[in-house]
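Please open the structure in your viewer and keep the selection panel at hand. The tour proceeds by selecting one part at a time.

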Amino acid sequence: MPEILVLYYSQGGAVREMAQLVARGVESIKDVKTRIRTVPKVSANCEATEPDIPTSGAPYAEQKDLQECVGLALGSPTRFGNMAAPMKYFLDSTTGLWLKGALVGKPAAVFTSTGSMHGGQETTLVTMMLPLLHHGMVMVGLPYSEPELSSTSSGGTPYGASHVGGAADDRPITEDERKLCIALGKRLAEISLKLAA
Ligand SMILES: Cc1cc2nc3c(=O)[nH]c(=O)nc-3n(C[C@H](O)[C@H](O)[C@H](O)COP(=O)(O)O)c2cc1C
């Protein structure tokens, strides 16, 4: 069965929760399933290493996950208006796939969580798209036919799903944000299946 890779990094859990909602949207489509993966932390200390298998949660992504899946949902917390270093570090390791053109034509979607409302959701989402466009991926956003895009008073953008966690990162995912995560996963799965056919 074709699979969609839901690849995320999360420190506090907000993006992990969003990833589960995106996966729920993917799995609302018949004949497709999700492969959920995360990436290890990076350290300024080059001696530090993470175990090969995380102690809890999703397994760490390998290059073959990107190659084998028909679509990609990529999630990261916003860090200074951009994606978090562990996700960028992983993407920077994908030169081999880029040289082979392994991801050309595959659809991809992005999602993020911020502390503050205007803390860089759009900049993070758009800059997350850049390496994926270099890979030749086809970006999937959220159209305004999703009513929550107009009704939301927190996260949710046409560039991808988003969540405002608040200064203490303790705000729950709102109903509008939740529906938009699911809608993004569903739309990604539908388009991925069509393009893979
Ligand atoms: C180093 C660092 C930089 C951050 N930069 C931003 C930022 O630019 N804008 C913002 O709104 N929140 C920023 N945050 C807050 C996180 O984006 C926010 O807490 C997010 O919801 C965390 O997601 P997670 O729970 O999946 O780790 C930053 C947090 C850290 C630790």
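The stops below lead from the ligand to a helix and then to a single residue. Please bear in mind throughout that this is a predicted model.

**Stop 1: the ligand and its shell**

Select the ligand together with the 17 residues around it. Which of these residues come nearest? They are Ser10, Gly12, Thr78, Ser113 and Gly119. Colouring the shell by residue type shows 11 polar residues, 4 nonpolar and 2 charged.

Next, display the secondary structure. Helix H1 (14-27), strand E3 (71-79) and strand E5 (107-114) each contribute at least two residues to the shell around the ligand. The largest share, 3 residues, is supplied by E3.

**Stop 2: polar atoms beside the ligand**

Now select Gly13, Ala14 and Asp169, and show their atoms. In Gly13, a backbone N or O atom is found 3.1 Å from an oxygen atom of the ligand. Ala14 likewise places a backbone N or O atom 2.9 Å from a ligand oxygen atom. With Asp169 the side chain takes part: one of its N or O atoms is 2.9 Å from an oxygen atom of the ligand. How much of the ligand's accessible area does the protein cover? On its own the ligand has 640 Å² of accessible area, and the protein covers 76% of it.

**Stop 3: helix H7**

Select residues 175-196, which form helix H7. This helix has 22 residues, and the distance from its first C-alpha to its last is 32 Å, close to the 32 Å expected at 1.5 Å a residue.

Within H7, highlight the buried residues, among them Glu177, Leu180, Cys181, Leu184, Leu188 and Ser192. An α-helix has 3.6 residues a turn, so residues three or four places apart point the same way. To see what covers the buried residues of H7, add strand E1 (3-8), H1, E3, E5, helix H6 (148-151) and strand E7 (161-164), which are included in that cover.

**Stop 4: Thr124**

Finally, select Thr124, which is located in helix H5 (residues 121-134). Is Thr124 buried or exposed? Thr124 counts as buried because its relative accessible area is 0%, and the cut-off for buried is under 20%.

Two backbone oxygens deserve a label here. That of Gly120 lies 2.8 Å from a polar atom of the Thr124 side chain, and that of Gly81 is reached by the side chain of Thr124 at 3.4 Å. Beyond its neighbours within four places in sequence, Thr124 is in contact with Thr78, Gly81, Asn82, Met83 and Thr112.

Methods: Residues are numbered from 1 along each chain as its sequence is written. This is a predicted model: local features need pLDDT of at least 70, side-chain atom pairs count only at pLDDT 80 or more; totals for chains, interfaces and linings use all residues. Side-chain values use heavy atoms; hydrogens and water are left out. A residue is near a molecule or strand if one of its heavy atoms lies within 4 Å of it. A polar contact is a pair of N or O atoms within 3.5 Å; within protein, one must be able to donate a hydrogen and the other to accept it, and residues adjacent in sequence count only if both atoms are side-chain atoms. Accessible areas come from the Shrake-Rupley method with a 1.4 Å probe; for residues, only the protein chains shown count as cover. Helices (H or I, at least four residues) and strands (E, at least two) are DSSP runs, numbered from the N terminus. Ala, Val, Leu, Ile, Met, Phe, Trp, Tyr, Cys and Pro count as nonpolar, Asp, Glu, Lys and Arg as charged, and the others, Gly among them, as polar. The expected span of a helix is 1.5 Å times one less than its number of residues. Buried means under 20% relative accessible area, exposed over 50%, partly exposed in between (1.4 Å probe, protein chains only). Contact means heavy atoms within 4.5 Å.
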